[in-house]
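Please open the model in your viewer and keep the selection panel at hand. The stops below each name something to select and then say what is there.

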2 protein chains.
Amino acid sequence: MSSTKKIMECVPNFSEGRDLKKVEKIIDCFRGKEGVKLLDYSSDKDHNRTVVTLVGEVEPLKEAVLSAIGKAIELIDLRSHTGEHPRMGACDVVPFIPIRNVTMEDAIALAKEVGEEAGKRYNLPIFLYEKAATTPERENLAKVRKGQFEGMAEKLQDPNWKPDFGPSKVHESAGVTAVGARMPLVAFNVNLDTANIEITDAIAKKVRFIGGGLRFCKAMGVELKERGITQVSMNMTDYTKTAIYRSFEMVKMEAKRYGVNVVGSEVIGLVPMAALIDTAVYYMGIEEFSLDQVLENRLME
Amino acid sequence: MSSTKKIMECVPNFSEGRDLKKVEKIIDCFRGKEGVKLLDYSSDKDHNRTVVTLVGEVEPLKEAVLSAIGKAIELIDLRSHTGEHPRMGACDVVPFIPIRNVTMEDAIALAKEVGEEAGKRYNLPIFLYEKAATTPERENLAKVRKGQFEGMAEKLQDPNWKPDFGPSKVHESAGVTAVGARMPLVAFNVNLDTANIEITDAIAKKVRFIGGGLRFCKAMGVELKERGITQVSMNMTDYTKTAIYRSFEMVKMEAKRYGVNVVGSEVIGLVPMAALIDTAVYYMGIEEFSLDQVLENRLME
């Protein structure tokens, strides 16, 4: 009786955030498509970039994303692109994210299918990244994108950077696209009753992975000047393994050393239900709870 | 972009829990109906009663429930019914519960429509109860059902107990049906590290409404003999007004007096997502959180 529809998320990033007519033409690839739902898109002028959030069934999502990559290649010319955000392609990155009744393996398989087909259809070099990466150094998107559009022609001559799909020659106007698979990100911030950003930075460094903290947590200190406080701003990269309540409690614990208190928190943007329900289960010690007990999980097809 | 489908829940109770062939014939009224989803049903031999959980859109749910009431009248004869659970009708009670994009007013309106139509179609006396009640004393189902099937003929002669719909004469074999509207119930238990049921009963009495405790909380002490502990077993009758974390914290607080500790909790059966998310929001002090941020809420039609 439980819901069985397979739902994948995709968050493609396009290198156009100023010409909104072009943006709308790309976004049209996601509109009115059976089995595909456009959840959000936002364009940033400074970054000159548009980030789209889609969910859908695997096959229709694949076709919609492929058509949007084609539209971006048609409309965006990287040779005249400027913006603060690093980029290497007209369609810069295409991460697939397993949401419901699909696994990370399904997301990786979909990334490979989309990468292969985009390489063929548009004569576009494709790097697989994160969980879909074919070498350890390709897991890190920053390393894949290093050199950006302007440096790609040279980078692709290095045998270590032979694309996973498509030609070994950069696309003249559309560059290179990274297609990958990852867990949903949860943007989670913990607010502290200090205006001292040095303290908050120090706490962030202890909580995050690279500072010896939690495995799936990125963190930095941020000032909230209007409120006269600071926050540990975190990106939880796998909430199923590093629970958000754990990062909350760890910030609280580390803040103690400075006599600083947690005054609240924020969840930015979308969050999977399970990340919050896991939090409730932890704080009330709910025994043997199953997500099948959540009424709304039974309403979905 | 948000989900707009209107979803109502219905938990009809039928006075048959032994003859499973009859039960299946009643349940068939909920199978294969477009817009109606059978979530659960369970029959209890001692109670001689079957409890069904359905969700659906308003119109199809209405028709399915009406046809099941008809099937119950056809198959169940209260004149030969025995069982531990109090009952007054073949279809005993029909509560409607607002779940998604519907209000309590919608549930009350649906209860009235179903009550009126069932009264007419089956010549069946109908009492509206709980939020749909037309007098204060009909709000309490126990008062409506007092006297049970055997006492209904006499009860209906009292002008105070004129049915809301249908004839003022009890249905010969199918008795009387109560149709109502209520909030979703959350069955929530808090486990204590004492085997002393007197202590746990004392705590339950302080936490529950009738003992001066929380407005929408019913509670009693229960022994978990195998584990050698006890629990405060609660029915939260409106989690939107009396949050489940509040009852958890209040049990913990009252247990202190006895040197007793909370060791865990249980959620039994289905629970609305918002009841648990509210708990996460409380414990982590998440500021300005909206249920629209929950990814799964955006997946539903």
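The tour begins with the contact between the two chains and then moves to single helices and residues.

**The interface between the chains**

Bear in mind throughout that this is a predicted model. Colour the two chains separately and select the residues that touch across the boundary: 46 residues of chain B are in contact with 47 residues of chain A. The area buried between chain B and chain A comes to about 4100 Å², and carbon and sulfur atoms give 65% of that area. On the chain B side, select M284(B), E287(B) and L295(B), since these residues lose the most area to chain A and together account for 18% of what that side buries.

Next, turn to the polar side of the interface, where 2 salt bridges are counted between chain B and chain A. One of them can be shown by selecting E287(A) and R227(B), which form a salt bridge whose closest N and O atoms are 2.9 Å apart. With both partners required to be at pLDDT 80 or more, 24 residue pairs between chain B and chain A are in polar contact.

To see which parts of chain B supply this surface, select the elements that give two or more residues to the side touching chain A: the strands β1 (7-10), β3 (36-44), β5 (91-100), β8 (186-192) and β11 (262-268), along with the helices α7 (244-255), α8 (273-283) and α9 (295-299), each of chain B. If you colour that side of chain B by residue class, you will find 28 nonpolar, 7 polar and 11 charged residues.

**Helix α8 of chain B and what follows it**

Stay with chain B and select α8(B), which is mostly covered, with 8 of its 11 residues buried. The buried residues are M273(B), A275(B), L276(B), I277(B), T279(B), A280(B), V281(B) and Y283(B). Show their surroundings and you will see that they pack against elements of both chains, namely α7, α8 (273-284) and α9 (295-299) of chain A together with α7 and α9 of chain B.

After the helix, move on to G285(B), which follows α8(B) and has a positive phi, near 55°. A little further along, select E288(B), which is found in the loop between α8 and α9 of chain B. The phi of E288(B) is also positive, about 50°, although E288(B) is not a glycine. At 79% relative accessibility, E288(B) counts as exposed.

**Two more stops in chain B**

Q148(B) also deserves a look at its backbone, with a phi near 55°, a positive value in a residue other than glycine. Q148(B) lies in helix α5 (residues 148-155) of chain B and, at 28% relative accessibility, counts as partly exposed.

Then select helix α2 (residues 58-75) of chain B and draw a distance between its end C-alpha atoms: they are 26 Å apart, which agrees with the 26 Å that its 18 residues should span at 1.5 Å a residue. The buried residues of α2(B) include L61(B), V65(B), L66(B), I69(B), I73(B) and L75(B), and K62(B) is also among them.

**Three residues in chain A**

Switch to chain A and select K155(A), whose place is in helix α5 (residues 148-155) of chain A. Is this lysine, K155(A), buried or exposed? Its relative accessible area is 12%, so K155(A) counts as buried. Apart from its neighbours within four places in sequence, K155(A) is in contact with K143(A), V144(A), R145(A), K146(A) and W161(A).

From K155(A), go to S168(A), which is 13 residues away in sequence and 9.8 Å away in space, C-alpha to C-alpha. S168(A) sits in the loop between α5 and β7 (177-181) of chain A and, at 39% relative accessibility, counts as partly exposed. Leaving aside neighbours within four places in sequence, S168(A) is in contact with L156(A), K162(A) and P163(A). Add P125(A) to the selection as well: S168(A) and P125(A) are 43 residues apart in sequence, while their C-alpha atoms are 6.3 Å apart.

The last stop is T242(A), in the loop between β10 (229-236) and α7 (244-256) of chain A. T242(A) is buried, with a relative accessible area of 2%. The side chain of T242(A) reaches the backbone nitrogen of F216(A) at 3.1 Å. Not counting residues up to four places away in sequence, T242(A) touches L214(A), R215(A), F216(A) and M236(A).

Note on methods: Residues numbered from 1 in each chain as written. Chains lettered and ligands numbered in written order. Predicted model: local features only at pLDDT ≥ 70, side-chain atom pairs only at ≥ 80, totals over all residues. Heavy atoms only, no water. Contact = heavy atoms within 4.5 Å. Buried area = accessible area lost by both parts, 1.4 Å probe. Salt bridge = Lys/Arg side-chain N within 4 Å of Asp/Glu carboxyl O. Polar contact = N/O pair within 3.5 Å; in protein donor to acceptor, adjacent residues only side chain to side chain. Helix = DSSP H or I, 4+ residues; strand = E, 2+ residues; numbered from the N terminus. Nonpolar A, V, L, I, M, F, W, Y, C, P; charged D, E, K, R; others polar. Expected span 1.5 Å × (residues − 1). Buried < 20%, exposed > 50% of the residue type's maximum accessible area, 1.4 Å probe, protein only.
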